[in-house]
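Me: I've got a chain open on my screen and I'd like to know what lies behind the labels people put on it. Can you take me through them?

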Amino acid sequence: MDILIWIIVFIATFLGMEFMAWFTHKYVMHGFLWVLHKDHHHKNHKSWWERNDLFFVFYAVVSMYFFMVAEFQFAVAIGAGIAGYGLAYFLVHDIFIHQRFKLFRKADHWYAKGIRRAHKIHHKHLGKEDGECFGMLIPPAKFLKNK
């Protein structure tokens, strides 16, 4: 029975991270920490590294905390859920959408197209105001229509 609870905690944490990503993106990245996120919308730098990557580092540290420091029954499952979401975010956002590594270039699935459409709409706004589509893995339904 414990393993089932661990799996449920992992999945709940993973899904909860989509909300955290949306909230952080909308109110922190496009809010008081725009100074760190701005270089992701304005590619006026030559570096592969962006200040925006510090948000990924932050959540990696939070995940490591649950693995290494937190001492309660489901801490490892929570840390794994955060790490799992981080991996999914990296694969979808950095590799699939922004092509930081040239993989998954010809994905032709309706879900893949929907994520790309939503992210493209997000990046059409160059400033921190008037943004839309702040989530990552669950885009608005209108972008998931097979066009």
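Reply: Sure. The protein chain has 5 helices and 0 strands, and from the N terminus on the order is α-α-α-α-α. This is a predicted model, where local features need pLDDT of at least 70, side-chain atom pairs count only at pLDDT 80 or more, and totals for chains, interfaces and linings use all residues. Residues are numbered from 1 along each chain as its sequence is written, and side-chain values use heavy atoms, with hydrogens and water left out.

Me: What makes a stretch a helix here?

Reply: Helices are DSSP runs of H or I with at least four residues, while strands are runs of E with at least two; both are numbered from the N terminus. Helix α4, for instance, covers residues 75-97.

Me: Why is G81 called buried, and A80 partly exposed?

Reply: Buried means under 20% relative accessible area, exposed means over 50%, and partly exposed is in between (1.4 Å probe, protein chains only). G81 has 0%, so it counts as buried. A80 has 22%, so it lands in the partly exposed class. G81 is in helix α4, and A80 is in helix α4 too. Over the protein chain, buried residues make up 39% of the 147 residues.

Me: What does G81 touch, leaving out residues up to four places away in sequence?

Reply: F10, T13 and F14. A contact means heavy atoms within 4.5 Å. With the same neighbours left out, A80 touches F10 and F67. G81 and I8 are 73 residues apart in sequence, yet their C-alpha atoms are 9.9 Å apart.

Me: How do you know that the radius of gyration agrees with a compact globule?

Reply: The radius is taken over C-alpha atoms, and the globule rule is 2.2 Å times the number of residues to the power 0.38. For 147 residues that gives a value near 15 Å; the protein chain has 16 Å, so the two agree. Its C-alpha atoms fill a box of roughly 45 × 35 × 30 Å along the principal axes.

Me: Which residues does UniProt place under "transmembrane region"?

Reply: The unreviewed entry gives residues 6-28, 49-68 and 74-96. UniProt annotations may be inferred rather than shown by experiment. In the model, residues 6-28 are 100% helix and 0% strand, with end C-alpha atoms 30 Å apart. Residues 74-96 are 96% helix and 0% strand, and their end C-alpha atoms lie 31 Å apart.
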